[in-house]
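Me: I am a first-year student, and I would like a close look at a single part of this structure, namely the place where chain B and chain A touch. Could you take me through that part carefully, and then go on to the empty spaces inside?

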Amino acid sequence: MSNNTSPRVGLFATCLVDLMRPVVGFAAVKLLEDAGCIVDVPVAQTCCGQPAYNAGDTSDTIDIARQVITSFENYDYIVVPSGSCGGMLKHHYIELFEGDSEWAPRAQAFADKTHELLSFLDDIMKVSLTGLKLDATVAYHDSCSGLRELEIKKQPRALLNAVDGLNLVEGTEAETCCGFGGLFCVKYPDISEKMVDAKVDDIVATGADTLVAGDLGCLMNIAGRLQRRNIDIKVRHTAEILANMTHGPAIGDPMDDA
Amino acid sequence: MQSTSPNFTQNAKDALQDDPLQAALAKLTDGFPIQRLEAAARLPEFEDLRDEARDIKTHVLENLDLYLEAYEKKVVESGGHVHWCQTAEDARETILKICQNANAKTVTKSKSMISEEIAVNDFLEENGIEPVETDLGEYIIQLRDEPPSHIIAPAIHLSKEQVADTFRDAHTDLEKDRPLDEPRALLEEARAKLRTKFLSADVGLTGANMLIAETGTNVLVTNEGNADLTNNLPRVHIVIASIEKIVPTLEDATTILRVLARSATGQDISVYTTFCTGPRQLNDLDGPEEYHVVLLDNGRTDMIGSEFHEMLRCIRCGACLNHCPVYKSVGGHAYGWVYSGPMGAVLIPNLIGMEEAQHLPHASTLCGKCESVCPMRIPLPKMLRRWRERQFKAELGSTRARWALKSWVWLVKRPRIYRLAMNMSVAILGQIGFRGRFKSLPFAKGWTSKRDLAAPTGDTFLSQYHNGARGDQSGELIRRGGRK
Ligand code: SF4
C-alpha cells in the first residue's frame with residue numbers, strides 16, 4: 001500500500017513497551033503499516049524522560065528531550081502508543097525549552113507532528129477498520145494524560161466499536177485516575193492501593209471480561225491489582241485488539257495461557 | 001498552627017484506616033462533583049465565564065499595587081480603616097489591638113480560611129478574648145479543637161454521630177439524653193447556642209471572598225447567613241483578607257460569583273451573598289460603628305512573578321479538593337496544615353516552607369483532574385512539578401531515590417548501553433518471572449506490596465523488531481485497514 005506519498009512514521013515505542021510488552025510495539029507497527037505508513041523504529045530510542053521530569057530533574061530531562069527530538073525530528077510523524085509519553089513529547093518538551101531560541105522552535109515542530117497512536121489512526125490517518133472480530137465485553141480506561149493533555153476519548157472508542165462481537169461498556173469512573181502516577185505508586189503505596197481498588201471496583205461493576213487502555217503504566221497497575229485480588233479480567237493495550245494480536249497472554253498472564 | 005505535613009505518609013495511612021472518615025469521604029465523591037457537573041451543564045456560557053474569571057484575576061495580579069491603593073482609598077472614604085500586615089503575627093497583633101480598643105470579651109467569627117492561616121483563635125484566647133465560630137462546620141471543629149479538613153466544608157470528615165457526641169460533651173447544660181439523631185436537631189442546637197453569642201459579641205470577625213476596588217466593598221458568601229449576623233450585630237466589624245482577594249469592579253465580582261458557587265457546591269449562587277462597605281452610614285438602620293480591614297500579605301508578594309504566581313488567582317472554591325482522587329482517599333487533615341488537596345499542595349510549601357511540606361507536591365499522580373475543574377484555570381499539576389524541581393535542586397528527599405534516578409538517567413542518555421542493559425534485564429526477569437508475573441520482588445516492594453508485577457514477555461521490542469520479528473501476524477487474513 002505504501003508509495004512515495006506514504007507518510008514516514010518514526011515509532012517511539014516507549015520504554016515500558018520495549019521492556020515489558022513488545023506485542024504493543026508490533027501491534028503499533030502493524031496498524032500503522034496497514035494504514036499506509038512507512039514505519040521506522042529508530043534504535044537510538046530509550047525513554048521520553050518522564051520519570052526524571054516528574055521527579056523534578058529538569059536539566060537531565062532537557063538532555064533526554066534533545067536526544068529524542070534529534071533522533072525523530074526528520075520523520076513526517078512521530079507516533080507513540082501511550083498517552084502519557086505522548087503528552088510528554090507533545091506538551092512538556094515545549095515547556096522545557098521555553099525561551100530557548102534554538103530548541104523551542106525545534107520542540108514545537110517536533111510536537112506538531114507527534115501523535116498518540118490511536119488518535120493518529122483516527123484523527124490523522126482516518127482509518128476505518130473492517131473484518132475484525134473479538135467476542136469480548138470490554139471496558140475502556142481513559143488514561144489521565146491521554147484524556148486531559150491530548151483529548152483522547154472518542155478515537156479509541158470509535159476504533160474499538162468497529163470490532164465485530166466486541167461489546168464496549170463504560171465504567172462510571174472511566175476518567176478517574178487509576179493511582180499509578182509513575183513513582184507515586186511506589187512512594188505512596190497505600191493511597192495508590194485505595195485508588196486502584198476504586199478503579200478495579202468500577203471495572204468489575206461494568207461486567208467487562210477485558211479491560212483496555214492506551215497506556216502501559218495504567219494497564220500494569222490495574223492488571224497487577226486485579227490479579228492480586230484474584231479477579232479474572234484480562235488486561236490489554238487497545239492496539240493489541242485492533243491489530244488482532246490477542247492470541248498471546250494478556251498482561252501478567254503466563255505464556256502457556258495463550 | 002503547628003503543621004503535621006512532614007508526617008504526611010503516616011497521616012495518610014491513618015486516614016485510610018479511619019472508617020468514619022472513609023465513609024464521609026465516600027459521600028463527598030457522590031455529592032459536590034456531580035452537582036458541579038449539573039450546574040455547569042445548566043449554564044451554556046460556563047466555560048466562557050471561567051475564561052473571563054481567570055482574565056479578571058490575571059489582570060488584577062499584574063496591577064495589584066494599583067488596585068490595592070484604589071481599594072484602600074475607597075475604604076477610607078467610606079469611613080473604614082485599612083491595616084497593612086506583612087506577616088501572620090502582624091495580623092494577629094492588629095486584630096488583638098482592635099479588639100482590646102473595643103473592650104471586647106467575645107468575638108464572633110464567620111468562616112475565614114485566612115483566620116485559620118494566622119491561627120487567630122488561639123491567640124485571642126491566650127489574651128482573654130473568646131472567639132466563637134458561627135459557621136456550623138467551623139463551630140463543630142472549634143469545639144473539637146481540630147483544624148478544618150476542607151476549605152469550604154471544614155467538618156466534612158465527621159459523621160453526624162460524631163457531631164452529636166461533640167455537642168453532648170460541649171453543651172453540658174443541656175439534658176444528657178436529648179435526641180440528636182437528625183441533622184436538623186444538631187442545627188437547632190447550634191443555632192440556639194450561637195444566638196446568644198451573636199447578641200453579646202463586641203466584635204465580628206469575617207473573611208472576604210472578594211474585595212472590590214471600585215467601591216471599597218468586601219463580599220461574603222455563605223449558605224447559613226451567619227456572616228450577616230457577624231458583620232451587622234457587633235459594634236465593630238473586622239475583615240481579614242489576603243491581598244490577592246482584590247477585584248476591580250462590582251461587575252467583575254459578579255462574574256466571579258457566577259463561577260464560584262457552581263464550582264464549589266453546584267449551586268447557581270450561594271444562599272447569602274453580602275456586600276459590606278464601611279461602617280454604618282448616617283441613614284443606615286443597622287451595621288457596625290467601626291469597620292476595619294486587615295490586609296494580609298503573608299508570603300503573597302513573594303509568589304508574585306514566581307512560578308507560583310498563578311496560584312494567586314485561587315478563589316478557594318474547593319473544586320480541586322472535591323475532584324482529587326488523593327484528597328478523596330485521605331481527606332484534608334493528612335496534608336497537615338490549614339489548606340489541603342491540590343491547592344493546598346501548591347500553597348502550603350509557599351506558606352510554611354518547602355522542606356516542611358516536601359511530601360505534598362509528590363502526593364499526586366498529576367492526573368490533571370484538578371486543573372480541568374478549577375474555575376480560575378490554575379495549572380495546579382504544573383506547579384506541583386515546579387515544587388518537585390525546586391526540591392530536586394535543593395537536594396531534598398531520599399538520597400537513594402536520587403541515586404537510582406541518576407543511574408537510570410545515565411543509561412537513558414546512552415542508547416547503546418541502555419539497549420544492552422535492557423536486554424539483560426528482560427533476560428533475567430523473564431527467567432524468574434516465567435509464570436507471567438511476580439507476587440513479590442525485593443527491589444520493587446513498593447509495587448508488589450499491593451499488586452502483582454507483570455513479567456517481561458520475551459526480548460525487548462527493539463531487539464526483536466530489528467532481528468526481523470513482526471509479532472503474531474496470524475490475524476492478518478481477517479483484518480484490513482485503510483483510509484476512510
Ligand atoms: S485552585 Fe482552583 S479549584 Fe482549587 S480552590 Fe482554588 S480556585 Fe478552586
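Reply: What follows starts with the contact between the two chains and then turns to the cavities.

Please keep in mind that this is a predicted model. On the side of chain B, 76 residues are in contact with 87 residues of chain A, and the two chains bury about 7,200 Å² between them, with 58% of that area on carbon and sulfur atoms. Between chain B and chain A there are 30 residue pairs in polar contact, where both residues are at pLDDT 80 or more. Helix α19 of chain B, which spans residues 380-393, provides six residues, the largest share of the side of chain B that touches chain A. Sorted by class, the residues on that side of chain B are 29 nonpolar, 23 polar and 24 charged.

Charged side chains also pair up across the contact, for the count between chain B and chain A is 10 salt bridges, while the structure holds 54 over all chains. In one pair between the chains, Lys450(B) meets Glu193(A) in a salt bridge, with 3.1 Å from N to O. Glu193(A) also forms a salt bridge with Arg225(A), in which the closest N and O atoms are 3.1 Å apart. Because Glu193(A) lies in helix α11 of chain A (residues 189-206) and Arg225(A) in helix α12 of chain A (residues 216-228), this pair ties together parts that are 32 residues apart in sequence.

We can now turn to the spaces inside. Rolling a probe the size of a water molecule over the atoms shows where empty space is left. In the whole structure, a search finds six cavities of 30 Å³ or more. The largest cavity holds about 140 Å³ of space, and of the 19 residues that line it, Cys324(B), Pro342(B), Ser364(B), Cys370(B) and Leu384(B) lie nearest its centre. Two or more residues of this lining come from each of the elements α16 (325-330), α17 (341-352), α18 (369-373) and α19 of chain B, and α17(B) gives the most, with three residues. Helix α19 of chain B thus appears in this lining as well as on the side of chain B that touches chain A. By class, the lining of the largest cavity has 13 nonpolar residues, five polar and one charged.

The second largest cavity has a volume of about 90 Å³. It is lined by 14 residues, and Cys314(B), Cys317(B), Cys320(B), Met343(B) and Cys374(B) are the ones that lie nearest its centre. The lining of this second largest cavity divides into 12 nonpolar residues, one polar and one charged.

Key:
Residues are numbered from 1 along each chain as its sequence is written. Chains are lettered from A and ligands numbered from 1 in the order in which they are written. This is a predicted model: local features need pLDDT of at least 70, side-chain atom pairs count only at pLDDT 80 or more; totals for chains, interfaces and linings use all residues. Side-chain values use heavy atoms; hydrogens and water are left out. Contact means heavy atoms within 4.5 Å. Buried area is the accessible area (1.4 Å probe) that two parts lose on being put together, summed over both. A salt bridge is a side-chain nitrogen of Lys or Arg within 4 Å of a carboxyl oxygen of Asp or Glu. A polar contact is a pair of N or O atoms within 3.5 Å; within protein, one must be able to donate a hydrogen and the other to accept it, and residues adjacent in sequence count only if both atoms are side-chain atoms. Helices (H or I, at least four residues) and strands (E, at least two) are DSSP runs, numbered from the N terminus. Ala, Val, Leu, Ile, Met, Phe, Trp, Tyr, Cys and Pro count as nonpolar, Asp, Glu, Lys and Arg as charged, and the others, Gly among them, as polar. On a 1 Å grid over the protein atoms alone, a cavity is a set of points where a 1.4 Å probe fits but cannot get out, and a pocket is an open set with protein on both sides within 12 Å along at least five of seven lines; lining residues have an atom within 4 Å of a point. Grid points are joined across faces, edges and corners, and a volume is the space filled by probe spheres set on the points.
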